[in-house]
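Hi everyone, thanks for making time for this. Could you all pull up the structure so that we can walk through it together?

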Amino acid sequence: MTSINDFTESRTTNMPALLQPGQTPATSRTAACIFHDLRQLLTAILANAEFLGRPDLSEIDRNEFFQDIRWDVDRIDTLFSSLLQDFRGGTPLLPAARNIVHTVECAIRMITVRREFRRIAITHRHKGAAVGWFDAARLERVIANLALNACEAVDPALGEIVITTFGGTDSLQIRVRDNGPGISSAIRESIFQSPVSYGKASGSGLGLVIAKALVEDHGGTIHLDERCERGTSFTINIPFVIPGKR
């Protein structure tokens with residue numbers, strides 16, 4: 001029987017090729033982003049489908065897994081709509097007054113649906129304003145990509161990931177920290193510049209490249225905290241002020 005990882009890996013093996021020279025940069029980046037996200041959604045759908053096949057599943061749990069599958073299918077539909085829109089002339093940033101707490105919850109949900117990550121403790125702590133001006137779908141991708149990388153790095157039984165968000169008057173700060181082994185000094189300088197995967201047999205190396213691009217679309221910055229003595233910590237800062245409000 002084909003495993004979940006085999007299934008998704010076989011459909012995304014050539015993702016880095018989407019960033020090769022000769023393609024329109026905007027289209028190439030959007031396609032890479034979508035296929036990267038698609039891999040996570042397919043994995044979640046397959047995991048939930050396996051759970052639905054269990055004979056001891058309660059009706060409440062069965063309905064919950066079914067709704068999760070419907071939610072992921074809707075996300076896939078949105079991703080393909082974005083790709084089609086990009087080929088027709090580009091997908092603009094779509095900021096609006098959004099709740100960062102809800103956005104982080106959606107990102108965490110995308111990760112924790114995978115069985116191999118369910119024992120990992122993922123905590124979100126928020127302070128300050130919760131509602132600000134950003135593109136929720138794109139920022140959710142950023143947070144999910146960072147959290148996924150963290151989940152793949154930490155011990156599946158002892159892993160801890162802490163996501164902290166702080167909404168200030170003008171800016172939003174997001175920090176994603178884990179207690180994993182950290183990022184090798186050999187690749188620290190290039191993690192945001194090109195597809196780099198370290199220590200993951202099936203990694204595409206696209207997660208951080210995509211995260212940086214989406215953060216910069218918001219006029220923000222993302223950096224690796226070099227002062228982190230244990231594990232890995234990324235910090236994001238983006239504008240958060242709602243137009244016309246001060």
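Let's jump straight in with a pair of helices: H4 and H5 cross each other in a right-handed way. Please keep in mind that this is a predicted model. On the H4 side, the contact involves Ile 100, Thr 103, Val 104, Cys 106, Ala 107, Met 110 and Ile 111. On the H5 side, the residues taking part include Leu 139, Ile 143, Ala 147 and Cys 151.

How do people describe such a pair? Two packed helices are characterised by the angle between their axes and by how far apart those axes are. Here, H4, which covers residues 100–112, packs against H5 at an angle of about 45°, and the axes are 8 Å apart. Angles under 35 degrees would count as roughly parallel and 65 to 115 as roughly perpendicular, so H4 and H5 are oblique to each other.

Now let's step back to the whole chain. How many helices and strands does the protein chain have? There are six helices and seven strands. Starting from the N terminus, they come in the order α-α-α-β-α-β-β-α-β-β-α-β-β. The chain has 246 residues, and 44% of them count as buried. If you take the contacts with a separation of 6 or more, 72% are between residues 24 or more positions apart. The accessible surface is about 13,000 Å², and carbon and sulfur atoms contribute 52% of that.

Next, the sheet. Five strands make up an open sheet, in the order S2-S4-S5-S7-S6, with mixed pairing. S2, residues 121–128, and S6 are the edge strands, each pairing on one side only. From one strand to the next, the twist averages 10°. Our helix H4 packs on this sheet, where it touches S2, S4 and S5, and its direction makes about 175° with that of S2. H5 lies across S2, S4, S5, S6 and S7, and runs at about 20° to S5.

Let's look at two strand pairs in that sheet. S4, residues 160–167, and S5, residues 171–178, run antiparallel and are joined by seven bridges. One thing to find on your screen is Phe 166, whose bridge partner in S5 is Gln 173. Over at S6, four bridges join that strand to S7, residues 232–239, and this pair also runs antiparallel. Ile 222 stands opposite Ile 236 of S7.

Which residues of S6 are on its covered face, and which on its uncovered one? Ile 222 and Leu 224 are on the covered face, while Thr 221 and His 223 are on the uncovered one.

I'd like to finish with two single residues. Arg 138 sits in H5, the helix of residues 136–153. Is Arg 138 buried or exposed? Its relative accessibility is 10%, and buried means under 20%, so Arg 138 counts as buried. Its C-alpha atom is 9.2 Å from that of Asp 217, although the two are 79 residues apart along the chain.

The other one is Asn 48, in helix H2, which spans residues 25–52. With 0% relative accessibility, Asn 48 counts as buried too. What is Asn 48 in contact with, leaving aside its neighbours within four places in sequence? The answer is Phe 65, Asp 68, Ile 69, Asp 72, Val 113 and Arg 118.

That's my tour, so thanks for listening!

Key: Residues numbered from 1 in each chain as written. Predicted model: local features only at pLDDT ≥ 70, side-chain atom pairs only at ≥ 80, totals over all residues. Heavy atoms only, no water. Buried < 20%, exposed > 50% of the residue type's maximum accessible area, 1.4 Å probe, protein only. Pairing = 2+ DSSP bridges. Contact = heavy atoms within 4.5 Å. Areas by Shrake-Rupley, 256 points an atom, 1.4 Å probe, with all protein chains shown as cover. Axes fitted to C-alpha atoms, helices over the stretch in contact; angles between N-to-C directions. Parallel < 35°, antiparallel > 145°, perpendicular 65-115°, else oblique. Left-handed = near helix turned anticlockwise from the far one by under 90°.
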